[in-house]
Amino acid sequence: MDYLDQQILMKLKENARQSASDISKEIHLSVSTVIDRIRKMESSGVIESYTVITDEKKTGNDVTALMEISLDQPRYNELFIENIKKNPNIISCYYLTGEFDYLLKIACQSSEHLEQIHHWIKDQGGVRQTRTHYVLRTEKNIYSLPIFLYRKQKSNNRKGFL
């Protein structure tokens with residue numbers, strides 16, 4: 001993946017629905033080159049999928065929580081993950097180092113709904129401990145994280161991040 005691929009990815013992260021024509025104008029490549037590069041990134045797995053980012057409150061999920069989970073034994077990991085993937089209110093799951101094994105991002109309708117999800121999680125085999133954090137406000141969404149572009153700086157010939 002080179003600098004041009006990274007520029008295309010940045011444009012797609014800003015708006016995955018923008019046309020190859022619009023992208024080509026912004027980064028000064030031909031439309032066919034942009035299309036070809038996007039297809040190559042899709043087939044190589046650099047681009048895994050395209051998605052929609054929703055405003056959880058507008059979809060009826062007024063509560064967002066982060067829940068840390070600690071399991072008794074690693075033998076429970078596979079079944080735990082399999083069950084977590086089936087729950088539509090768990091929108092992210094991260095495997096961690098440290099005191100807890102997993103961090104879940106949960107979107108739900110109310111504190112009562114979160115309590116139901118919490119009980120469901122506690123009922124999963126091997127769950128030893130949980131710790132829950134209510135999200136008061138989202139300041140930055142993971143989907144807005146930049147792709148760090150690495151290029152040679154013109155002024156002093158040193159390399160740096162954009």
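This tour moves through a predicted model, from its largest pocket to its nonpolar cores and then to its salt bridges.

**The largest pocket**

Begin by selecting Thr-54, Glu-56, Ile-91, Lys-105 and Asn-141, the residues that lie nearest the centre of the largest pocket. The space here amounts to about 640 Å³, and the complete lining comprises 23 residues. Next, colour strands E1 (63-71) and E2 (90-95), each of which supplies at least two residues of that lining. E2 provides the largest share, four residues. Colouring the lining by class will show 10 nonpolar, seven polar and six charged residues.

**The nonpolar cores**

Now select Ile-69, Phe-80, Leu-104, Ile-106 and Ile-121. Within the largest nonpolar core, which has 16 residues, these touch the most other members. Two or more residues of this core come from each of E1, helix H4 (77-86), strand E3 (102-108) and helix H5 (111-122). E1 gives the most, with five residues.

Centre the view on Leu-104 and display its surroundings. Leaving aside residues up to four places away in sequence, Leu-104 touches Ala-65, Leu-66, Met-67, Ile-69, Ile-84, Ile-90, Ser-92, Cys-93 and Ile-121. Apart from this core lies another, of 11 residues; to find it, select Ile-8, Leu-9, Ile-23 and Ile-38, which are among its members.

**The salt bridges**

The structure holds 10 salt bridges, and three of them merit a stop.

Select Asp-5 and Arg-37 for the first stop. Their closest N and O atoms are 2.7 Å apart. Asp-5 belongs to helix H1 (residues 3-14) and Arg-37 to helix H3 (residues 31-44), so this salt bridge ties together parts that are 32 residues apart in sequence. Both partners are buried: Asp-5 has a relative accessibility of 12%, and Arg-37 has a relative accessible area of 18%. Add Asp-2 to the selection to see a network of salt bridges linking Asp-2, Asp-5 and Arg-37.

Move next to Asp-72 and Arg-128, whose side chains form a salt bridge with an N to O distance of 3.7 Å. Asp-72 is in the loop between E1 and H4, while Arg-128 is in strand E4 (residues 127-134), and the pair links distant parts of the chain, 56 residues apart. Asp-72 is partly exposed, at 41% relative accessible area, and Arg-128 is likewise partly exposed, at 47%.

Finish with Glu-82 and Lys-86, a salt bridge in which the closest N and O atoms are 4.0 Å apart. Both residues lie in helix H4, four residues apart, about one turn of the helix. Glu-82 is partly exposed at 40% relative accessibility, whereas Lys-86, at 59%, counts as exposed.

Technical notes: Residues numbered from 1 in each chain as written. Predicted model: local features only at pLDDT ≥ 70, side-chain atom pairs only at ≥ 80, totals over all residues. Heavy atoms only, no water. 1 Å grid on protein atoms, 1.4 Å probe; cavity = no way out; pocket = protein on both sides within 12 Å on 5 of 7 lines; lining within 4 Å. Points joined across faces, edges and corners; volume = space filled by probe spheres on them. Nonpolar A, V, L, I, M, F, W, Y, C, P; charged D, E, K, R; others polar. Core = buried A, V, L, I, M, F, W, Y, C linked by side-chain atoms within 4.5 Å. Buried < 20%, exposed > 50% of the residue type's maximum accessible area, 1.4 Å probe, protein only. Contact = heavy atoms within 4.5 Å.
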